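Student: I would like a close look at a single part of this model, with enough of the whole around it to place it properly. Could you choose one part, work through it residue by residue, and then set it beside a few other places in the chain?

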Amino acid sequence: MSTEPKAACVRLEIEDAVAVVTFDRPEKLNALDMGVLAELDAILDRIEGDTAVRAVIFTGAGRAFVAGGDIADLGSRGALAHYNEFAEAIHRTLRRIEMLDKPTIGAINGFALGGGTELLLTFDLRLLSDKAKLGLPEINLGLFPGAGGTQRILRQVPACRARELMYLGEMIAPDEAVRIGLANRVVPHDSLMDEARAMAGKLAAKSPLILKLLKRTLIDGADMPLSAALRHEQAMIGLVLDSRDAHEGCAAFIGKRPADFRGE
C-alpha cells in the first residue's frame with residue numbers, strides 16, 4: 001500500500017536575492033511542533049549556505065503568522081522529557097534566526113501569539129498587517145514564555161510593559177505593538193508582502209558583508225557593558241574599513257554612481 005508524502009509545513013522561495021520562508025500549516029494556525037522546527041532548521045541550513053540570498057522574509061499562510069506552540073501536541077505527550085526536548089529545539093532554532101548573518105524581516109500577517117511573538121522578537125525588522133494580533137498568553141495556560149521570550153522582550157520594550165504582557169496574557173493590536181517598540185510599522189493587510197519585498201530589496205542592494213558585520217556588532221554589543229561595546233565597535237569598524245565594499249561605496253559616492261557591492 002502506498003502512502004502520500006507528508007506535505008511540508010514550512011515553504012522556502014528564493015527570488016532576486018530574497019528568501020521568503022512561509023509557515024504553511026493553516027489548519028493548526030501554523031503552530032510550532034518538533035516537525036515544524038526540524039523543517040525550519042533544514043531551511044535555515046539552505047539559507048545560510050546560499051551566498052546569493054541577501055535578505056530573508058518570514059511570514060505565514062492563512063489567518064495566522066504563528067499562533068504559538070502546538071498545545072494539543074505538547075499536552076498529549078505528557079512526559080517531561082518531551083517538554084525539555086521541545087524547549088531545547090525551539091531555543092536553538094530561534095537563536096539561529098536571531099544570529100543569522102543576513103537581515104531578517106517579519107511580515108506578520110495575522111495571529112502571532114506565544115511562540116509566534118517570541119519568534120517575532122528574533123527578527124531584525126518587523127512589519128505588521130493591520131489584521132495582526134500579538135501577545136504572550138502562556139500565563140492563561142499555567143505556563144510562561146519559554147522560547148526566549150522572557151529575556152528578549154525585556155531587552156526590547158519597557159520592563160513594566162513587558163511584564164504586563166506576560167502577567168496578564170492579553171492580546172494587543174498592531175498599532176499598540178508599534179507604539180511600545182515591538183514592530184516597525186503597520187501596513188494594510190493586502191500590501192504586507194509588497195511592503196516586505198520592497199524592504200528586502202533595499203536590504204539586498206546593500207553590502208552583505210557590511211550588514212553582517214553591523215548585525216554582529218549590534219548583537220554582541222548588546223550583551224556588553226558600554227565601555228566594552230565601544231571597543232568592540234571600534235574593532236569591527238576596522239574590519240569594515242579594510243573591505244573592498246567600503247572602498248567601493250565611497251568611490252561610488254564620489255563618482256555619483258550606484259555602488260557594486262559584492263560582499264568582499
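Tutor: For counting charges, Lys and Arg are taken as positive and Asp and Glu as negative, while His and the chain ends are left out. On that basis the protein, which is a predicted model, carries 32 positive and 37 negative side chains, and the centres of these two sets are 4 Å apart. The chain forms 11 helices and 9 strands, and its C-alpha atoms occupy a box of roughly 60 × 55 × 40 Å along the principal axes. Its radius of gyration is 20 Å, which agrees with the value near 18 Å that a compact globule of 264 residues would have. Of those 264 residues, 46% count as buried, and the accessible surface amounts to about 13700 Å², with carbon and sulfur atoms contributing 57% of it. Among contacts between residues at least 6 apart in sequence, 66% join residues at least 24 apart.

The part I would choose is the stretch that runs from β1 to α1. β1 covers residues 10-15, and the loop between β1 and β2 holds Asp-16 and also Ala-17. Asp-16 has a phi near 50°, a positive value in a residue other than glycine, and Ala-17 likewise has a positive phi, near 70°. Most residues other than glycine have a negative phi. How exposed or buried are these two residues? Asp-16 has a relative accessible area of 67%, and because exposed means over 50%, it is classed as exposed. Ala-17 has 22% relative accessibility, which lies between the 20% and 50% limits, so it counts as partly exposed.

Following the chain through β2 (18-23), one comes to the loop that leads to α1 (34-49), and this loop is where Arg-25 lies. Arg-25 has 10% relative accessibility, and since buried means under 20%, this arginine counts as buried. What does its side chain reach? The Arg-25 side chain reaches the backbone oxygen of Ala-31, at 2.9 Å. With neighbours within four places in sequence left aside, the residues in contact with Arg-25 are Cys-9, Asn-30, Ala-31, Asp-33, Val-36 and Asp-70. Ala-31 therefore appears both in that contact list and as the backbone partner of the arginine side chain, given that a polar contact is a pair of N or O atoms within 3.5 Å.

Two other loop residues can be set beside Arg-25. Asn-184 sits in the loop between α7 (174-179) and β9 (185-187), and its relative accessibility of 39% makes it partly exposed. The side chain of Asn-184 reaches the backbone nitrogen of Arg-126 at 2.7 Å, and, apart from neighbours within four places in sequence, Asn-184 is in contact with Leu-125, Arg-126 and Val-178. As a reference for distance across the model, the C-alpha atoms of Asn-184 and Ile-237 are separated by 26 Å, with these positions 53 residues apart along the chain.

The other loop residue is Ser-207, found in the loop between α8 (192-204) and α9 (208-222). At 3% relative accessibility Ser-207 counts as buried, and a polar atom of its side chain lies 3.1 Å from the backbone nitrogen of Ile-210. Once neighbours within four places are set aside, Ser-207 is in contact with Asp-245 and Phe-261.

From here one can move into α9 itself, the helix in which Ile-219 lies. Ile-219 is buried, with a relative accessible area of 18%, and, not counting residues up to four places away in sequence, it touches Glu-98 and Met-99. Ile-219 and Glu-98 are 121 residues apart in sequence, yet their C-alpha atoms are 8.8 Å apart in space.

Finally, helix α3 (residues 80-99) is also the place of Arg-95, which at 37% relative accessibility counts as partly exposed. The C-alpha atoms of Arg-95 and Thr-122, 27 residues apart along the chain, are separated by 7.4 Å. To return to the chosen part, the picture there is of an exposed Asp-16, a partly exposed Ala-17, and a buried Arg-25 whose side chain reaches the backbone oxygen of Ala-31.

Definitions and conventions. Residues are numbered from 1 along each chain as its sequence is written. This is a predicted model: local features need pLDDT of at least 70, side-chain atom pairs count only at pLDDT 80 or more; totals for chains, interfaces and linings use all residues. Side-chain values use heavy atoms; hydrogens and water are left out. Helices (H or I, at least four residues) and strands (E, at least two) are DSSP runs, numbered from the N terminus. The radius of gyration is taken over C-alpha atoms; the globule rule is 2.2 Å times the number of residues to the power 0.38. Buried means under 20% relative accessible area, exposed over 50%, partly exposed in between (1.4 Å probe, protein chains only). Contact means heavy atoms within 4.5 Å. Accessible areas come from the Shrake-Rupley method with a 1.4 Å probe; for residues, only the protein chains shown count as cover. The place of a charge is taken as NZ of Lys, CZ of Arg, CG of Asp or CD of Glu. A polar contact is a pair of N or O atoms within 3.5 Å; within protein, one must be able to donate a hydrogen and the other to accept it, and residues adjacent in sequence count only if both atoms are side-chain atoms.
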